[in-house]
Amino acid sequence: RNPGLLAGARGHPATEHPSPDPAGAADNLGVGTADLGDQFGLKVDPRAKIWQLSVGEQQRVELLKMLYRGANVLINYINDEERTIAFANRLSEKYGVICKAYYANISIPPLVDGMFDFMDDEMGGIDVLVNNAGIETINDALDMPLQEWDEIMNVNLRGAFYCTQLAGRRMRERKQGVILNISSIHDKVARKGLIHYCSSKAALN
């Protein structure tokens, strides 16, 4: 299961943020890369001060790039609470931003509603949504229970749709915003035992 990372709130303008330290920042946070500059090629509008980021663990570099630009962060998690809170605290201290951890399984709409309400009330709203929370299991298509199929679809597809819907409504009111869906090569390259995961990513595309 991939944890989700959600960023959302008013940060200081990019011009006020200290220069990035790509030589060591990633390794210090366990990202596993020293090159933050163009690792993902994510273009960030410096005028945007509000972010929401929903990413899997391997996407931490994107989070760091946004932190360099002064984004405040809400980390959405479904497990590993102690580690997630510690990670949020390190980000807050290192980058001088607001960074909070919030539990919400995105396959459960009332929990997602509460998360977005929290961002509205406590962190100022949202400008950018990056959907990348996802889960997978391995099972033969002929043996897979429907419950297992539904669990994958509810997180990887329905959860991403619902987050997009809630964020999109807020962006429409603000007349600005960006939504990025992080998919997988396995929407086209099939893997044995992952018919549910591959299907969810193909549908997301």
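How many of the 205 residues of the chain count as buried, in percent? The figure is 47%. The views below all come from a predicted model.

**View 1. The whole chain: 6 helices and 5 strands.** Read along the sequence, helices and strands follow the pattern α-β-α-β-α-β-α-β-α-β-α. The accessible surface comes to about 10300 Å². Carbon and sulfur atoms hold 50% of that surface. Among contacts with a separation of 6 or more, 74% join residues 24 or more positions apart. The close-ups that follow pick out strands, side-chain pairs and one cysteine.

**View 2. Strand β2 in its surroundings.** 5 of the 5 residues of β2 are buried, so the strand is largely enclosed by the rest of the structure. Cover comes on both faces. Val 73, Ile 75 and Tyr 77 are buried on one side. Leu 74 and Asn 76 are buried on the other. The strand also has a partner: 5 bridges join β2 to β3. The two strands run parallel. One of the pairings is Val 73 with Cys 99 of β3.

**View 3. Two aromatic pairs.** Tyr 77 and Tyr 103 make an edge-to-face pair. Their ring centres lie 5.9 Å apart, with 70° between the planes. The pair links distant parts of the chain, 26 residues apart. Tyr 77 sits in strand β2 (residues 73-77). Tyr 103 sits in strand β3 (residues 99-103). How buried or exposed are these two rings' residues? Tyr 77 is buried, at 7% relative accessible area. Tyr 103 is partly exposed, at 41%. The other pair is Tyr 102 with Phe 118. This pair is tilted, with 5.2 Å centre to centre and 40° between the planes. Tyr 102 belongs to strand β3 and Phe 118 to helix α4, 16 residues apart. Phe 118 is partly exposed, with a relative accessible area of 23%.

**View 4. A salt-bridge network centred on the side chains of Arg 170, Asp 117 and Asp 120.** The structure holds 3 salt bridges, and this view shows those of Arg 170. Arg 170 meets Asp 117 at 3.7 Å, N to O. Arg 170 lies in helix α5 (residues 146-174) and Asp 117 in helix α4 (residues 109-123), so this pair ties together parts that are 53 residues apart in sequence. Arg 170 also forms a salt bridge with Asp 120, with the closest N and O atoms 2.8 Å apart. Asp 120 lies in helix α4 too, so the pair with Arg 170 in helix α5 ties together parts 50 residues apart in sequence. Shared partners join Asp 117, Asp 120 and Arg 170 into one network. Which of these residues is buried, and which are partly exposed? Arg 170 is buried, because its relative accessibility of 17% is under the 20% cut-off. Asp 117 is partly exposed at 39%. Asp 120 is partly exposed at 31%.

**View 5. The salt bridge between Arg 83 and Asp 80.** The side chains meet at 3.2 Å, N to O. Arg 83 has a relative accessibility of 42% and counts as partly exposed. Asp 80 is partly exposed as well, with a relative accessible area of 40%.

**View 6. A charge over a ring: Lys 94 and Tyr 95.** Lys 94 lies over the face of Tyr 95. The distance to the ring centre is 5.9 Å.

**View 7. Cys 163 in helix α5.** Where does Cys 163 stand, buried or exposed? Cys 163 is buried, because its relative accessibility of 1% is under the 20% cut-off. Leaving aside residues up to four places away in sequence, Cys 163 touches Ile 106, Val 112, Phe 116, Leu 129 and Asn 131. Cys 163 and Ile 106 are 57 residues apart in sequence. In space, their C-alpha atoms are 7.7 Å apart.

Conventions. Residues are numbered from 1 along each chain as its sequence is written. This is a predicted model: local features need pLDDT of at least 70, side-chain atom pairs count only at pLDDT 80 or more; totals for chains, interfaces and linings use all residues. Side-chain values use heavy atoms; hydrogens and water are left out. Helices (H or I, at least four residues) and strands (E, at least two) are DSSP runs, numbered from the N terminus. Buried means under 20% relative accessible area, exposed over 50%, partly exposed in between (1.4 Å probe, protein chains only). Contact means heavy atoms within 4.5 Å. Accessible areas come from the Shrake-Rupley method with a 1.4 Å probe; for residues, only the protein chains shown count as cover. A salt bridge is a side-chain nitrogen of Lys or Arg within 4 Å of a carboxyl oxygen of Asp or Glu. Rings of Phe, Tyr and Trp (its six-membered ring) pair if their centres lie within 6.5 Å; planes under 30 degrees apart count as stacked, over 60 as edge-to-face and the rest as tilted. A charge sits over a ring if NZ of Lys or CZ of Arg is within 6 Å of the ring centre and within 35 degrees of the ring normal. Two strands pair if DSSP finds at least two bridges between them.
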